[in-house]
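Here are my notes on the fold, as promised. Have the viewer open while you read, since the points go from the sheet to the helices.

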Amino acid sequence: MTEDSGMEPTFTPGNNIAMKIPSHEYEATVRFYREVLRFTDITGSEPGDTPRFQFGDKVLWLDCVAGLSQSEIWLEVVASDIDAAAAYLEAQGVQRRDEIEPLPEGFAAFWIASPNNIIHLLSS
């Protein structure tokens with residue numbers, strides 16, 4: 001599907017939910033999901049791997065962010081066509097927020113925010 005096809009892109013929930021957590025609340029939050037709720041821990045085995053947990057059919061990532069005053073939830077949305085999605089969202093007045101966090105080189109994705117400032121990663 002291309003922008004010229006006249007078809008609008010479709011959007012579906014992605015597999016990832018990121019919780020951005022202030023450093024002063026981070027250890028207690030990780031403990032809450034790991035030891036209190038006892039969610040299935042699927043964190044990698046390398047030192048420094050971001051804690052992540054099975055959250056139904058999604059993955060909950062717990063990211064420590066220095067200088068943050070309160071936690072934020074970031075959501076992943078998958079687009080049927082990333083280029084068409086970018087054009088469609090721009091036409092809808094949705095601002096890209098690529099300054100939020102760098103993405104890996106070659107990763108077909110970008111950041112946007114909903115009207116209430118929930119960050120979304122748009123990927124294909």
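1. Terms first. Two strands count as paired if DSSP finds at least two bridges between them. Helices (H or I, at least four residues) and strands (E, at least two) are DSSP runs, numbered from the N terminus. By that reckoning, strand S4 (residues 72-79) and strand S6 (residues 119-123) run parallel and are joined by five bridges. One pair to click on is Glu76 with its bridge partner in S6, Leu121.

2. Some housekeeping. This is a predicted model, where local features need pLDDT of at least 70 and side-chain atom pairs count only at pLDDT 80 or more, while totals for chains, interfaces and linings use all residues. Residues are numbered from 1 along each chain as its sequence is written, and side-chain values use heavy atoms, with hydrogens and water left out.

3. Now the whole sheet. It is open, has six strands in the order S2-S3-S1-S4-S6-S5, and its pairing is mixed. Strand S2 (52-55) and strand S5 (109-113) are the edges, each pairing on one side only. Ignoring direction, neighbouring strands are turned by 25 degrees against each other on average; axes here are lines fitted to C-alpha atoms, for helices over the stretch in contact, and angles run from 0 to 180 degrees between N-to-C directions.

4. Where does the mixed pairing show up? S1 and S3 pair in the parallel sense over seven bridges, with Ile17 partnered by Leu60 in S3. S2 and S3, by contrast, are antiparallel over four bridges, and Arg52 stands opposite Trp61 in S3. S2 and S3 form a hairpin with two residues between them, and Gly56 in the turn has a positive phi of about 65 degrees.

5. On to the helices. Helix H1 (residues 23-36) packs on the sheet, touching strand S1 (11-22), S2 and strand S3 (58-65); contact means heavy atoms within 4.5 Å. The direction of H1 makes about 125 degrees with that of S1. Helix H2 (residues 82-91) also packs on the sheet, touching S1, S4, S5 and S6, and its direction makes about 25 degrees with that of S5.

6. Which residues of H2 are buried? Ile82, Ala84, Ala85, Ala86 and Leu89 are, with buried meaning under 20% relative accessible area (1.4 Å probe, protein chains only). Their cover includes S1, S4, S5 and S6.

7. Last, the ends of H2. At its start, a side-chain oxygen of Asp81 comes to within 3.0 Å of the backbone nitrogen of Asp83. Just after H2, Gly93 takes a positive phi of about 85 degrees.

Methods: Buried < 20%, exposed > 50% of the residue type's maximum accessible area, 1.4 Å probe, protein only. Polar contact = N/O pair within 3.5 Å; in protein donor to acceptor, adjacent residues only side chain to side chain.
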